[in-house]
Amino acid sequence: MIKAVRGTKDILPAESCVWQEIEKTSRDNLKLFGYQEIRTPVIEETALFVKNIGEETDIVSKEMFSFVDRGERNISLRPEGTASIIRSYIENNLDKISQFQKLYYIGPFFRAERPQAGRLRQFHQIGVEAIGSLHPALDAEVIALSAKLLDSAGIKGYKLKLNNLGCRDDKKKLSKMLKDIFSDKKGEHLCEDCKRRIKMNPLRVLDCKNDGCREVVRKTFKEASFICAECKTHFEEVLKFIGMLNIKHEIDPYIVRGLDYYTRTVFEITHEGLGSKDAIGAGGRYDNLSLDMGGPDVGACGFALGIDRMTMVLGRGKESSTVDIFIANIGDAAYEKAFGILNDLRNNEISCEIDYEKRSLKAQMRAADSMGAKFVLIIGEDEIVKGEAALRDMKTKEQILIKFNDMVSKIKEKVR
RNA sequence: GUGGCUAUAGUGUAAAGGUUAGCACGACAGACUGUGGCUCUGUCCGCACGGGUUCGAAUCCCGUUAGCCACCCCA
(Lines give C-alpha, C1' and ligand atoms only; values in the text may rest on other atoms or scores of the structure.)
Protein backbone atom coordinates (compact mmCIF):
# COMPACT_ATOMS: atom_id res chain seq x y z
CA MET A 1 0.00 0.00 0.00
CA ILE A 2 1.35 3.36 -1.00
CA LYS A 3 0.90 6.09 1.56
CA ALA A 4 1.43 9.83 1.51
CA VAL A 5 5.13 10.52 1.90
CA ARG A 6 6.55 11.51 5.24
CA GLY A 7 5.63 14.98 6.36
CA THR A 8 2.91 15.48 3.76
CA LYS A 9 -0.81 15.21 4.25
CA ASP A 10 -4.10 15.26 2.42
CA ILE A 11 -6.46 18.10 3.05
CA LEU A 12 -9.83 16.37 3.10
CA PRO A 13 -13.23 17.96 2.46
CA ALA A 14 -13.93 18.36 6.19
CA GLU A 15 -10.90 20.62 6.40
CA SER A 16 -10.65 22.13 2.95
CA CYS A 17 -13.60 24.40 3.67
CA VAL A 18 -11.52 26.07 6.38
CA TRP A 19 -8.69 26.52 3.88
CA GLN A 20 -11.00 28.04 1.31
CA GLU A 21 -12.31 30.49 3.85
CA ILE A 22 -8.83 31.58 4.90
CA GLU A 23 -7.79 31.96 1.28
CA LYS A 24 -10.90 33.90 0.35
CA THR A 25 -10.82 36.41 3.21
CA SER A 26 -7.09 36.82 2.68
CA ARG A 27 -7.51 37.52 -1.03
CA ASP A 28 -10.23 40.07 -0.26
CA ASN A 29 -8.03 41.86 2.26
CA LEU A 30 -4.98 41.77 0.03
CA LYS A 31 -6.98 43.38 -2.72
CA LEU A 32 -8.07 46.02 -0.24
CA PHE A 33 -4.43 46.78 0.50
CA GLY A 34 -3.54 46.97 -3.19
CA TYR A 35 -1.74 43.65 -3.60
CA GLN A 36 -1.82 41.53 -6.76
CA GLU A 37 -1.25 37.82 -6.95
CA ILE A 38 1.94 36.40 -8.42
CA ARG A 39 2.40 32.69 -9.10
CA THR A 40 5.95 31.49 -9.47
CA PRO A 41 7.12 27.91 -10.10
CA VAL A 42 7.50 25.44 -7.28
CA ILE A 43 10.93 24.46 -8.56
CA GLU A 44 13.83 26.84 -9.02
CA GLU A 45 17.53 26.63 -9.67
CA THR A 46 19.19 25.54 -6.44
CA ALA A 47 21.63 28.46 -6.62
CA LEU A 48 18.78 30.94 -6.18
CA PHE A 49 18.25 29.79 -2.62
CA VAL A 50 21.86 28.99 -1.75
CA LYS A 51 23.03 32.47 -2.72
CA ASN A 52 20.21 34.49 -1.27
CA ILE A 53 18.87 32.71 1.78
CA GLY A 54 22.44 31.99 2.87
CA GLU A 55 24.67 28.97 2.55
CA GLU A 56 25.14 28.71 6.30
CA THR A 57 21.45 28.83 7.16
CA ASP A 58 19.77 25.60 8.22
CA ILE A 59 17.14 25.95 5.53
CA VAL A 60 19.74 25.71 2.81
CA SER A 61 22.37 23.55 4.44
CA LYS A 62 20.12 20.73 5.54
CA GLU A 63 16.46 21.23 4.71
CA MET A 64 16.15 21.66 0.95
CA PHE A 65 14.75 19.07 -1.40
CA SER A 66 17.38 19.29 -4.13
CA PHE A 67 18.02 17.09 -7.12
CA VAL A 68 19.72 16.99 -10.48
CA ASP A 69 17.25 16.74 -13.34
CA ARG A 70 17.68 14.88 -16.62
CA GLY A 71 19.35 17.89 -18.18
CA GLU A 72 21.98 17.90 -15.41
CA ARG A 73 20.45 21.01 -13.90
CA ASN A 74 20.54 21.59 -10.14
CA ILE A 75 16.95 22.08 -9.05
CA SER A 76 15.31 22.60 -5.65
CA LEU A 77 11.76 22.65 -4.40
CA ARG A 78 11.26 26.16 -3.08
CA PRO A 79 11.73 26.34 0.72
CA GLU A 80 10.33 29.88 0.96
CA GLY A 81 8.84 32.54 -1.28
CA THR A 82 10.82 35.75 -1.22
CA ALA A 83 13.81 34.69 -3.32
CA SER A 84 11.53 33.45 -6.11
CA ILE A 85 9.46 36.62 -6.08
CA ILE A 86 12.49 38.87 -6.36
CA ARG A 87 13.89 36.62 -9.08
CA SER A 88 10.67 37.04 -11.02
CA TYR A 89 10.56 40.76 -10.29
CA ILE A 90 13.99 41.19 -11.83
CA GLU A 91 13.58 38.69 -14.67
CA ASN A 92 10.30 40.23 -15.84
CA ASN A 93 11.43 43.84 -15.37
CA LEU A 94 8.51 44.53 -13.09
CA ASP A 95 10.28 47.65 -11.83
CA LYS A 96 9.99 49.09 -15.35
CA ILE A 97 6.23 48.62 -15.34
CA SER A 98 5.88 50.34 -12.02
CA GLN A 99 8.58 51.35 -9.57
CA PHE A 100 6.55 50.11 -6.70
CA GLN A 101 5.05 46.62 -6.69
CA LYS A 102 2.81 44.97 -4.15
CA LEU A 103 2.71 41.23 -4.72
CA TYR A 104 1.21 38.29 -2.86
CA TYR A 105 1.32 34.52 -3.22
CA ILE A 106 -0.45 31.49 -1.81
CA GLY A 107 1.00 28.04 -2.22
CA PRO A 108 3.08 25.09 -1.06
CA PHE A 109 6.67 25.17 0.17
CA PHE A 110 9.03 22.36 1.04
CA ARG A 111 11.56 21.74 3.77
CA ALA A 112 12.99 18.36 4.73
CA GLU A 113 12.61 18.68 8.47
CA ARG A 114 11.65 15.94 10.86
CA PRO A 115 7.86 16.12 11.00
CA GLN A 116 5.93 17.04 14.11
CA ALA A 117 2.56 18.63 14.79
CA GLY A 118 2.51 21.88 12.80
CA ARG A 119 5.75 21.02 11.06
CA LEU A 120 5.35 19.54 7.62
CA ARG A 121 7.66 18.79 4.75
CA GLN A 122 5.12 20.31 2.41
CA PHE A 123 3.53 23.29 4.10
CA HIS A 124 1.55 26.25 2.80
CA GLN A 125 2.02 29.95 3.09
CA ILE A 126 0.26 33.18 2.30
CA GLY A 127 3.00 35.67 1.66
CA VAL A 128 3.36 39.30 0.72
CA GLU A 129 6.22 41.29 -0.80
CA ALA A 130 6.10 45.07 -1.19
CA ILE A 131 9.00 46.02 -3.40
CA GLY A 132 10.35 49.46 -4.21
CA SER A 133 10.20 51.62 -1.10
CA LEU A 134 12.41 52.30 1.90
CA HIS A 135 9.77 54.24 3.72
CA PRO A 136 9.05 53.15 7.30
CA ALA A 137 5.32 53.57 6.72
CA LEU A 138 5.55 50.53 4.47
CA ASP A 139 7.06 48.42 7.24
CA ALA A 140 4.20 49.43 9.47
CA GLU A 141 1.56 48.76 6.83
CA VAL A 142 2.98 45.34 6.04
CA ILE A 143 2.93 44.43 9.71
CA ALA A 144 -0.60 45.75 10.04
CA LEU A 145 -1.64 43.66 7.04
CA SER A 146 -0.30 40.48 8.60
CA ALA A 147 -2.34 41.19 11.71
CA LYS A 148 -5.39 42.00 9.61
CA LEU A 149 -5.18 38.69 7.76
CA LEU A 150 -5.03 36.79 11.04
CA ASP A 151 -7.91 38.80 12.50
CA SER A 152 -10.06 38.22 9.43
CA ALA A 153 -9.36 34.52 9.55
CA GLY A 154 -10.77 34.56 13.07
CA ILE A 155 -7.47 33.91 14.83
CA LYS A 156 -7.23 35.37 18.30
CA GLY A 157 -4.54 35.51 20.93
CA TYR A 158 -1.48 35.80 18.74
CA LYS A 159 1.57 37.77 19.77
CA LEU A 160 3.47 40.15 17.52
CA LYS A 161 7.16 40.66 18.28
CA LEU A 162 9.34 43.27 16.58
CA ASN A 163 13.03 43.95 16.34
CA ASN A 164 15.49 46.10 14.46
CA LEU A 165 18.47 44.28 12.98
CA GLY A 166 20.00 47.37 11.41
CA CYS A 167 21.44 47.56 7.94
CA ARG A 168 23.95 45.13 6.52
CA ASP A 169 26.90 47.03 7.99
CA ASP A 170 25.22 47.01 11.38
CA LYS A 171 24.72 43.27 11.17
CA LYS A 172 28.38 42.84 10.36
CA LYS A 173 29.28 45.08 13.27
CA LEU A 174 27.08 43.03 15.58
CA SER A 175 28.55 39.77 14.34
CA LYS A 176 32.01 41.03 15.00
CA MET A 177 31.02 42.31 18.44
CA LEU A 178 29.57 38.96 19.39
CA LYS A 179 32.61 37.15 18.10
CA ASP A 180 34.97 39.39 20.03
CA ILE A 181 32.96 39.17 23.22
CA PHE A 182 32.45 35.44 23.20
CA SER A 183 35.50 34.00 21.52
CA ASP A 184 37.56 34.39 24.71
CA LYS A 185 36.74 33.56 28.33
CA LYS A 186 33.03 34.50 28.31
CA GLY A 187 32.42 32.08 25.49
CA GLU A 188 33.02 29.23 27.89
CA HIS A 189 29.62 29.81 29.47
CA LEU A 190 27.81 29.27 26.22
CA CYS A 191 26.23 25.97 25.27
CA GLU A 192 27.93 23.72 22.74
CA ASP A 193 25.63 24.85 19.94
CA CYS A 194 26.36 28.49 20.59
CA LYS A 195 30.10 27.88 20.59
CA ARG A 196 29.56 26.58 17.08
CA ARG A 197 27.23 29.46 16.20
CA ILE A 198 29.80 32.04 17.22
CA LYS A 199 31.96 30.75 14.41
CA MET A 200 29.37 30.04 11.74
CA ASN A 201 26.50 32.44 12.32
CA PRO A 202 27.08 34.62 15.39
CA LEU A 203 23.72 36.40 15.27
CA ARG A 204 21.92 33.20 16.11
CA VAL A 205 23.42 33.25 19.62
CA LEU A 206 20.92 35.97 20.38
CA ASP A 207 17.86 33.78 20.05
CA CYS A 208 19.31 30.68 21.70
CA LYS A 209 16.70 29.28 24.09
CA ASN A 210 19.26 27.94 26.53
CA ASP A 211 18.87 29.88 29.81
CA GLY A 212 22.58 30.04 30.45
CA CYS A 213 23.28 31.54 27.04
CA ARG A 214 20.45 34.01 27.39
CA GLU A 215 21.87 35.28 30.64
CA VAL A 216 25.36 35.66 29.27
CA VAL A 217 24.00 37.42 26.21
CA ARG A 218 21.81 39.76 28.21
CA LYS A 219 24.50 40.71 30.67
CA THR A 220 27.23 41.30 28.18
CA PHE A 221 25.48 42.61 25.17
CA LYS A 222 24.28 46.19 25.26
CA GLU A 223 21.04 46.49 23.45
CA ALA A 224 21.05 48.17 20.04
CA SER A 225 24.43 49.83 20.50
CA PHE A 226 25.52 48.48 17.14
CA ILE A 227 22.78 50.14 15.13
CA CYS A 228 23.64 53.19 13.06
CA ALA A 229 21.79 56.48 13.40
CA GLU A 230 19.92 56.08 10.14
CA CYS A 231 18.57 52.65 10.99
CA LYS A 232 17.71 53.78 14.47
CA THR A 233 15.56 56.60 13.12
CA HIS A 234 13.98 54.26 10.61
CA PHE A 235 12.84 51.92 13.35
CA GLU A 236 11.57 54.79 15.48
CA GLU A 237 9.48 55.91 12.52
CA VAL A 238 8.19 52.38 12.02
CA LEU A 239 7.10 52.30 15.65
CA LYS A 240 5.42 55.67 15.24
CA PHE A 241 3.34 54.43 12.30
CA ILE A 242 2.56 51.20 14.06
CA GLY A 243 1.29 53.24 16.96
CA MET A 244 -0.94 55.18 14.58
CA LEU A 245 -2.37 51.95 13.26
CA ASN A 246 -3.04 50.76 16.77
CA ILE A 247 -1.29 47.40 16.42
CA LYS A 248 -0.61 45.49 19.61
CA HIS A 249 3.04 44.48 19.67
CA GLU A 250 6.12 44.08 21.81
CA ILE A 251 9.78 44.72 21.12
CA ASP A 252 12.01 41.67 21.39
CA PRO A 253 15.68 42.54 20.85
CA TYR A 254 16.56 38.87 20.47
CA ILE A 255 14.64 38.09 17.31
CA VAL A 256 17.10 37.31 14.54
CA ARG A 257 15.37 35.29 11.77
CA GLY A 258 16.90 32.35 9.99
CA LEU A 259 17.41 33.93 6.60
CA ASP A 260 20.42 36.06 5.77
CA TYR A 261 18.73 38.65 3.61
CA TYR A 262 16.79 40.43 6.35
CA THR A 263 17.78 43.96 7.33
CA ARG A 264 16.29 46.56 9.66
CA THR A 265 12.75 45.65 10.72
CA VAL A 266 12.04 42.00 11.47
CA PHE A 267 8.99 40.52 13.14
CA GLU A 268 7.50 37.24 14.28
CA ILE A 269 3.96 36.30 15.12
CA THR A 270 3.51 33.47 17.59
CA HIS A 271 0.55 31.64 19.05
CA GLU A 272 0.42 29.59 22.23
CA GLY A 273 -1.89 27.02 20.70
CA LEU A 274 0.91 25.69 18.53
CA GLY A 275 3.25 24.30 21.16
CA SER A 276 6.98 24.66 20.80
CA LYS A 277 6.90 25.57 17.14
CA ASP A 278 4.74 28.53 17.91
CA ALA A 279 5.44 30.75 14.90
CA ILE A 280 2.35 31.36 12.82
CA GLY A 281 3.97 34.00 10.65
CA ALA A 282 7.07 36.11 10.23
CA GLY A 283 8.62 38.72 8.03
CA GLY A 284 10.72 41.80 7.71
CA ARG A 285 12.61 44.16 5.49
CA TYR A 286 15.27 43.10 2.99
CA ASP A 287 16.78 46.14 1.33
CA ASN A 288 19.79 44.53 -0.34
CA LEU A 289 18.23 41.45 -1.89
CA SER A 290 17.23 42.87 -5.27
CA LEU A 291 20.60 44.55 -5.83
CA ASP A 292 22.46 41.44 -4.69
CA MET A 293 20.55 39.41 -7.23
CA GLY A 294 21.53 41.73 -10.03
CA GLY A 295 18.37 43.78 -10.02
CA PRO A 296 17.62 47.42 -9.25
CA ASP A 297 18.61 48.91 -5.91
CA VAL A 298 15.22 48.88 -4.22
CA GLY A 299 14.11 48.40 -0.67
CA ALA A 300 11.46 45.80 0.06
CA CYS A 301 9.49 44.33 2.88
CA GLY A 302 7.27 41.32 3.32
CA PHE A 303 5.99 38.47 5.42
CA ALA A 304 4.54 34.97 5.24
CA LEU A 305 1.83 33.26 7.26
CA GLY A 306 1.65 29.50 7.69
CA ILE A 307 -1.76 28.36 6.51
CA ASP A 308 -1.39 24.88 8.03
CA ARG A 309 -0.68 26.45 11.39
CA MET A 310 -3.56 28.90 11.01
CA THR A 311 -5.97 25.99 10.53
CA MET A 312 -4.47 24.30 13.60
CA VAL A 313 -5.21 27.32 15.74
CA LEU A 314 -8.73 27.59 14.35
CA GLY A 315 -9.49 23.93 15.03
CA ARG A 316 -11.32 21.75 12.62
CA GLY A 317 -14.63 23.05 11.40
CA LYS A 318 -16.87 20.28 10.23
CA GLU A 319 -19.03 21.92 7.65
CA SER A 320 -20.80 19.56 5.35
CA SER A 321 -22.02 20.73 2.00
CA THR A 322 -25.66 21.68 1.67
CA VAL A 323 -27.98 21.68 -1.30
CA ASP A 324 -31.19 23.52 -2.07
CA ILE A 325 -33.08 20.60 -3.54
CA PHE A 326 -32.81 16.84 -3.12
CA ILE A 327 -34.82 14.93 -5.69
CA ALA A 328 -36.27 11.71 -4.31
CA ASN A 329 -37.62 9.29 -6.88
CA ILE A 330 -39.44 5.97 -6.96
CA GLY A 331 -39.52 3.81 -10.05
CA ASP A 332 -37.69 3.88 -13.39
CA ALA A 333 -39.90 6.50 -15.05
CA ALA A 334 -39.51 8.78 -12.06
CA TYR A 335 -35.75 8.24 -12.02
CA GLU A 336 -35.47 9.45 -15.58
CA LYS A 337 -37.77 12.39 -14.95
CA ALA A 338 -35.77 13.29 -11.84
CA PHE A 339 -32.51 13.13 -13.75
CA GLY A 340 -33.89 15.62 -16.27
CA ILE A 341 -35.13 18.00 -13.61
CA LEU A 342 -31.76 17.76 -11.87
CA ASN A 343 -30.14 19.13 -14.98
CA ASP A 344 -32.79 21.85 -15.48
CA LEU A 345 -32.36 23.10 -11.94
CA ARG A 346 -28.58 23.17 -12.13
CA ASN A 347 -28.77 25.14 -15.36
CA ASN A 348 -30.76 27.66 -13.34
CA GLU A 349 -28.12 27.96 -10.63
CA ILE A 350 -30.06 25.87 -8.14
CA SER A 351 -27.87 23.37 -6.31
CA CYS A 352 -29.41 19.93 -6.21
CA GLU A 353 -28.63 16.30 -5.66
CA ILE A 354 -30.19 12.95 -6.40
CA ASP A 355 -29.85 9.38 -5.15
CA TYR A 356 -28.18 7.43 -7.93
CA GLU A 357 -28.88 4.01 -6.43
CA LYS A 358 -32.69 3.93 -6.62
CA ARG A 359 -32.97 3.21 -2.93
CA SER A 360 -36.10 3.27 -0.80
CA LEU A 361 -37.82 6.58 -0.27
CA LYS A 362 -36.88 6.36 3.38
CA ALA A 363 -33.21 6.00 2.56
CA GLN A 364 -33.46 8.92 0.16
CA MET A 365 -35.14 11.09 2.78
CA ARG A 366 -32.36 10.22 5.20
CA ALA A 367 -29.75 11.11 2.62
CA ALA A 368 -31.51 14.41 1.97
CA ASP A 369 -31.55 15.15 5.68
CA SER A 370 -27.92 14.33 6.28
CA MET A 371 -26.77 16.53 3.43
CA GLY A 372 -28.85 19.39 4.75
CA ALA A 373 -31.21 19.75 1.82
CA LYS A 374 -33.63 22.63 2.23
CA PHE A 375 -36.31 20.97 0.10
CA VAL A 376 -37.01 17.50 -1.16
CA LEU A 377 -38.78 17.07 -4.48
CA ILE A 378 -40.62 13.76 -4.44
CA ILE A 379 -41.44 12.05 -7.72
CA GLY A 380 -43.13 8.62 -7.87
CA GLU A 381 -45.40 6.69 -10.19
CA ASP A 382 -48.52 8.66 -9.15
CA GLU A 383 -46.78 11.96 -9.76
CA ILE A 384 -45.60 10.90 -13.20
CA VAL A 385 -49.19 10.07 -14.16
CA LYS A 386 -50.53 13.37 -12.79
CA GLY A 387 -47.68 15.40 -14.27
CA GLU A 388 -46.66 16.91 -10.96
CA ALA A 389 -44.29 16.44 -8.03
CA ALA A 390 -44.41 17.08 -4.30
CA LEU A 391 -42.05 19.68 -2.87
CA ARG A 392 -41.40 19.17 0.83
CA ASP A 393 -39.93 21.91 2.99
CA MET A 394 -37.64 19.99 5.32
CA LYS A 395 -37.87 22.54 8.12
CA THR A 396 -41.61 23.22 8.20
CA LYS A 397 -42.57 19.78 6.80
CA GLU A 398 -45.05 21.53 4.52
CA GLN A 399 -45.62 19.84 1.20
CA ILE A 400 -46.99 21.43 -1.97
CA LEU A 401 -47.66 20.05 -5.43
CA ILE A 402 -45.93 21.52 -8.44
CA LYS A 403 -46.71 20.82 -12.11
CA PHE A 404 -43.75 19.60 -14.16
CA ASN A 405 -44.40 22.48 -16.58
CA ASP A 406 -43.56 25.30 -14.21
CA MET A 407 -41.17 23.32 -12.03
CA VAL A 408 -38.12 25.54 -12.43
CA SER A 409 -39.85 28.86 -11.90
CA LYS A 410 -41.81 27.63 -8.86
CA ILE A 411 -38.73 26.15 -7.26
CA LYS A 412 -36.77 29.31 -7.99
CA GLU A 413 -39.39 31.28 -6.02
CA LYS A 414 -39.17 28.86 -3.11
CA VAL A 415 -35.42 28.77 -2.92
CA ARG A 416 -35.04 32.52 -2.95
C1' G B 1 19.29 15.21 11.05
C1' U B 2 19.88 13.49 16.83
C1' G B 3 17.35 11.40 21.18
C1' G B 4 12.77 9.51 23.35
C1' C B 5 7.51 7.78 23.29
C1' U B 6 3.59 5.54 20.53
C1' A B 7 0.91 2.47 16.67
C1' U B 8 -5.99 -2.02 17.79
C1' A B 9 -12.52 -1.03 12.53
C1' G B 10 -13.61 5.44 9.24
C1' U B 11 -13.05 7.98 14.47
C1' G B 12 -12.27 7.47 19.92
C1' U B 13 -10.94 3.38 22.79
C1' A B 14 -10.85 -1.98 25.89
C1' A B 15 -8.41 -6.65 26.12
C1' A B 16 -1.76 -7.28 32.00
C1' G B 17 1.05 -14.75 26.68
C1' G B 18 -4.38 -18.70 26.30
C1' U B 19 -11.07 -20.10 22.55
C1' U B 20 -15.12 -16.53 17.63
C1' A B 21 -10.38 -9.15 19.70
C1' G B 22 -14.96 -6.04 23.30
C1' C B 23 -17.46 -1.08 23.58
C1' A B 24 -19.06 3.78 21.78
C1' C B 25 -19.67 6.94 17.70
C1' G B 26 -20.08 6.10 12.32
C1' A B 27 -21.80 3.94 7.57
C1' C B 28 -25.60 0.72 5.56
C1' A B 29 -30.39 -1.83 6.01
C1' G B 30 -34.91 -2.78 8.55
C1' A B 31 -38.93 -1.90 12.41
C1' C B 32 -43.21 2.01 9.39
C1' U B 33 -44.28 -2.54 2.18
C1' G B 34 -44.37 6.31 -0.66
C1' U B 35 -41.73 10.54 3.69
C1' G B 36 -35.95 12.61 7.23
C1' G B 37 -33.96 14.05 12.40
C1' C B 38 -35.59 10.42 18.04
C1' U B 39 -35.83 5.22 19.51
C1' C B 40 -35.01 -0.03 18.79
C1' U B 41 -32.88 -4.23 15.88
C1' G B 42 -29.48 -6.21 12.50
C1' U B 43 -25.24 -5.82 9.19
C1' C B 44 -20.34 -3.78 7.82
C1' C B 45 -15.40 -2.40 8.85
C1' G B 46 -9.63 -3.65 12.76
C1' C B 47 -4.54 -5.89 15.69
C1' A B 48 0.67 -0.34 10.70
C1' C B 49 4.22 -3.63 7.83
C1' G B 50 8.08 -7.63 7.98
C1' G B 51 10.77 -11.06 10.81
C1' G B 52 11.76 -13.67 15.56
C1' U B 53 10.75 -16.03 20.67
C1' U B 54 6.77 -19.51 22.31
C1' C B 55 2.75 -25.32 22.34
C1' G B 56 0.26 -20.53 21.77
C1' A B 57 1.53 -13.29 20.38
C1' A B 58 -2.75 -7.50 19.70
C1' U B 59 0.30 -8.51 24.12
C1' C B 60 7.48 -10.18 24.56
C1' C B 61 12.07 -9.12 21.16
C1' C B 62 14.29 -7.04 16.51
C1' G B 63 13.79 -4.31 11.99
C1' U B 64 10.88 -1.05 8.70
C1' U B 65 7.32 2.70 8.12
C1' A B 66 4.51 6.59 10.10
C1' G B 67 2.90 9.88 13.90
C1' C B 68 3.92 12.47 18.35
C1' C B 69 7.47 14.93 22.03
C1' A B 70 12.21 17.31 22.92
C1' C B 71 16.56 19.26 20.35
C1' C B 72 18.23 21.74 15.85
C1' C B 73 15.49 25.15 13.25
C1' C B 74 11.23 27.27 11.34
C1' A B 75 5.57 28.83 8.62
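Trainee: How are H1 and H12 oriented relative to each other, roughly parallel or roughly perpendicular?

Mentor: Start with the angle between the helix axes; angles of 65 to 115 degrees count as roughly perpendicular. In this predicted model, the axes of helix H1 (residues 13-32) and H12 cross at roughly 115° and come within 10 Å. H1 and H12 are therefore roughly perpendicular to each other. As for handedness, H1 passes H12 in a right-handed crossing.

Trainee: Which residues of H1 and H12 meet there?

Mentor: On the H1 side you'll find Glu 15, Val 18, Trp 19 and Ile 22. They meet Ile 307, Met 310, Thr 311 and Leu 314 in H12. Sort that contact by class and you get 6 nonpolar, 1 polar and 1 charged residues.

Trainee: H1 also packs on H6, right? At what angle do the axes of H1 and H6 cross?

Mentor: Roughly 145°, and those axes come within 9 Å. The H1 and H6 crossing is right-handed. Thr 25, Ser 26 and Asn 29 of H1 make this contact with Lys 148, Leu 149 and Ser 152 of H6. Check the classes here as well: the contact of H1 with H6 has 1 nonpolar, 4 polar and 1 charged.

Trainee: What about H6 and H10, and why are they called oblique?

Mentor: Same approach, so look at the angle. Helix H6 (residues 136-152) and helix H10 (residues 229-245) have axes 8 Å apart and pack at about 45°. Roughly parallel needs an angle under 35 degrees and roughly perpendicular needs 65 to 115, so the pair is oblique. H6 passes H10 in a right-handed crossing.

Trainee: And which residues of H6 and H10 make the contact?

Mentor: From H6, they are Pro 136, Ala 137, Asp 139, Ala 140, Ile 143 and Ala 144. From H10, look for His 234, Glu 237, Val 238, Phe 241, Ile 242 and Leu 245. By class, the H6 and H10 contact has 9 nonpolar, 1 polar and 2 charged residues.

Trainee: Let's zoom out. Which domains does the assignment give for chain A?

Mentor: When you read a domain assignment, check whether a domain is written as one stretch or several. Here domain 1 is 13-167 + 228-314, and domain 2 is 325-411. Taken over C-alpha atoms, the centres of the two domains are 50 Å apart.

Trainee: Now the RNA. How many residues surround RNA strand B?

Mentor: There are 50, and the closest are Arg 6, Gly 258, Gly 306, Met 365 and Gly 380. Next, sort them by class: 15 nonpolar, 12 polar and 23 charged.

Trainee: Which element gives the most to that surface?

Mentor: H14, with 7 residues. Elements that each supply at least two residues include strand S6 (122-131), strand S10 (279-285), helix H12 (307-314) and helix H15 (381-386). So you meet H12 twice: it packs against H1 and adds to the surface near RNA strand B.

Conventions: Residues are numbered from 1 along each chain as its sequence is written. Chains are lettered from A and ligands numbered from 1 in the order in which they are written. This is a predicted model: local features need pLDDT of at least 70, side-chain atom pairs count only at pLDDT 80 or more; totals for chains, interfaces and linings use all residues. A residue is near a molecule or strand if its C-beta atom, placed from the backbone, lies within 6 Å of it. Helices (H or I, at least four residues) and strands (E, at least two) are DSSP runs, numbered from the N terminus. Ala, Val, Leu, Ile, Met, Phe, Trp, Tyr, Cys and Pro count as nonpolar, Asp, Glu, Lys and Arg as charged, and the others, Gly among them, as polar. Domain bounds come from an automatic or database domain assignment. Axes are lines fitted to C-alpha atoms, for helices over the stretch in contact, and angles run from 0 to 180 degrees between N-to-C directions. Angles under 35 degrees count as roughly parallel, over 145 as roughly antiparallel, 65 to 115 as roughly perpendicular and the rest as oblique. A crossing is left-handed if the near helix is turned anticlockwise from the far one by less than a right angle, and right-handed if clockwise. Two residues are in contact if their C-beta atoms, placed from the backbone, lie within 7 Å.
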